[in-house]
Amino acid sequence: MDRVEAVFVKSTKDGYDIPCKIWQAKNDQPRAAAFYVHGGAFANGGCDSHPLMSRALSQTLGITIITASFRCGAVAPYRTGTTLQDLKDVTKYFKKKVQGTGLPFGVIGSSSGGYFAMELATQVPEFQFDFCIPICPVAHPGRRASYLKDCISGKAASNPYYGQNCHTPEKAEEMLGRQLSYWETDEAMEAAGELFQSYRIANRGVPPTLLIMGAVDKNVPMHVHQLVQAWATRTIIVGGAGHEIQNEPPTGELNIKKFLWDIDEFLTIVLRKKKNDSNIEVWCWC
């Protein structure tokens with residue numbers, strides 16, 4: 001049974017109370033804590049919007065999970081800086097709490113939340129996360145917008161790269177509208193994706209990063225993650241899986257081994273390395 005505690009974190013920007021929830025790890029013996037940043041096309045979602053993923057991370061993998069209803073979309077477009085400030089305020093609040101326990105602290109994000117998770121991990125070096133796990137992230141909003149425009153025009157459907165694995169014009173238009181409610185301009189989306197160029201993050205102390213993608217993801221095609229694949233510690237492509245895995249981890253023994261098992265193994269190595277304070281930089285994945 002889930003054990004979830006509600007908490008409010010006050011925004012340093014305007015005093016807004018950001019609703020948060022703490023999903024307690026199984027048996028009160030967490031291996032780590034993490035801020036799980038929800039997805040929602042940069043416009044929707046909240047601390048309750050991804051319960052299956054929050055439950056899997058806390059109950060199956062033993063991570064104490066923090067979720068938050070940060071402001072985004074038309075309520076807080078990119079130019080205002082409100083979304084990033086909400087995310088920073090939540091991170092600072094819970095990182096301070098976790099530091100007193102000695103637990104490792106990381107950031108995990110799904111879909112658009114995967115973008116925000118990577119933004120926190122690569123652009124705010126003072127947080128010094130112990131790990132970062134983006135799941136089906138919209139890693140380059142500009143490239144995703146271009147793909148959605150191709151879906152709307154019909155170009156994607158005739159492109160062998162996508163085949164039939166693309167959205168209908170109606171669905172793509174709805175998704176692009178939500179994304180633009182936050183970013184507002186093509187220029188802002190393009191610049192946001194370019195933040196993850198390898199040379200831009202080379203000296204920022206990026207934490208060990210596990211990139212997870214669905215092989216047939218209609219929402220976020222693989223080329224949207226391309227820049228992140230260049231520097232992620234490990235990349236997992238879940239065969240036959242679409243964007244649903246960002247919210248609903250695959251079930252069944254085989255699928256768990258392809259998904260949650262990989263997260264489990266990644267954390268085992270990362271946390272062991274942290275505990276041993278090793279200077280070894282090259283990891284062997286067997």
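A residue counts as buried when its relative accessible area is under 20%, and as exposed when that area is over 50%; values in between are called partly exposed. Please keep in mind that the views below show a predicted model.

**View 1. Cys132 is a buried residue.** The relative accessibility of Cys132 is 1%, so this cysteine falls in the buried class. Its neighbour in this view, Cys136, is buried as well, with a relative accessible area of 0%. Are the two sulfurs bonded or apart? The closest cysteine sulfur to that of Cys132 belongs to Cys136 and lies 14 Å away, which is too far for a bond. Looking from the other side, the sulfur of Cys136 has Cys132 as its closest cysteine partner, again at 14 Å and too far for a bond. A disulfide calls for two cysteine sulfur atoms within 2.5 Å, and by this rule the count is 0 disulfides. As a reminder, a disulfide is a covalent bond that joins the sulfur atoms of two cysteines.

**View 2. Helix H3 is largely enclosed by the rest of the structure.** H3 covers residues 112-123. Why call it enclosed? Of its 12 residues, 11 are buried, so the rest of the structure largely surrounds this helix. If you are tracing the helix yourself, the buried positions to find are Ser112, Gly113, Gly114, Tyr115, Phe116, Ala117, Met118, Glu119, Leu120, Ala121 and Thr122. The length of H3 fits too: at 1.5 Å a residue its 12 residues should span 16 Å, and the end C-alpha atoms are indeed 16 Å apart.

**View 3. Tyr115 pairs edge-to-face with Phe116 and with Trp183.** Across the whole structure, a search finds 15 aromatic pairs. In one of them, the ring centres of Tyr115 and Phe116 are 5.9 Å apart and the planes meet at 75°, so the pair is edge-to-face. Tyr115 is buried at 1% relative accessibility, and Phe116 is buried at 2%. Tyr115 also forms an edge-to-face pair with Trp183, with 5.6 Å between centres and 90° between planes. What does this second pair tie together? Tyr115 sits in helix H3 and Trp183 in helix H5 (residues 169-183), so the pair links parts that are 68 residues apart in sequence. Trp183 is buried as well, at 2% relative accessibility. Zoom out a little and the ring pairs link Phe42, Phe70, Tyr78, Tyr115, Phe116, Tyr182, Trp183 and Phe196 into a cluster.

**View 4. Helix H1 carries buried residues as well as the partly exposed Arg55.** H1 runs over residues 51-60, and its buried members include Met53, Ser54, Ala56, Leu57 and Ser58. Arg55 is found in this helix too, and at 32% relative accessibility it counts as partly exposed. From Arg55 to Ser111 there are 56 residues in sequence and 17 Å in space, C-alpha to C-alpha. After H1 comes Gly62, with a positive phi near 75°.

**View 5. Helix H2 has the span expected for its 18 residues.** H2 takes in residues 82-99, which at 1.5 Å a residue should span 26 Å; the C-alpha atoms at its ends are 26 Å apart, in agreement. Its buried residues are Thr82, Thr83, Asp86, Leu87, Asp89, Val90, Thr91, Phe94, Lys95 and Val98. It helps to remember that an α-helix has 3.6 residues a turn, so residues three or four places apart point the same way.

**View 6. Glu190 is a partly exposed residue of helix H6.** H6 spans residues 186-194, and Glu190 has 36% relative accessibility. Which residues does Glu190 contact, apart from neighbours within four places in sequence? They are His140 and Gly142. Gly62, met in an earlier view, is 128 residues from Glu190 in sequence and 37 Å away in space, C-alpha to C-alpha.

**View 7. The protein chain as a whole has 10 helices and 8 strands.** A compact globule of 286 residues would have a radius of gyration near 19 Å, and the 18 Å of this chain agrees. The C-alpha trace spans about 55 × 50 × 40 Å along its principal axes. Buried residues make up 50% of the chain. Among contacts between residues at least 6 apart in sequence, 73% join residues at least 24 apart. The chain exposes about 12800 Å², of which carbon and sulfur atoms supply 51%.

Notes:
Residues are numbered from 1 along each chain as its sequence is written. This is a predicted model: local features need pLDDT of at least 70, side-chain atom pairs count only at pLDDT 80 or more; totals for chains, interfaces and linings use all residues. Side-chain values use heavy atoms; hydrogens and water are left out. Buried means under 20% relative accessible area, exposed over 50%, partly exposed in between (1.4 Å probe, protein chains only). Helices (H or I, at least four residues) and strands (E, at least two) are DSSP runs, numbered from the N terminus. The expected span of a helix is 1.5 Å times one less than its number of residues. Rings of Phe, Tyr and Trp (its six-membered ring) pair if their centres lie within 6.5 Å; planes under 30 degrees apart count as stacked, over 60 as edge-to-face and the rest as tilted. The radius of gyration is taken over C-alpha atoms; the globule rule is 2.2 Å times the number of residues to the power 0.38. Contact means heavy atoms within 4.5 Å. Accessible areas come from the Shrake-Rupley method with a 1.4 Å probe; for residues, only the protein chains shown count as cover.
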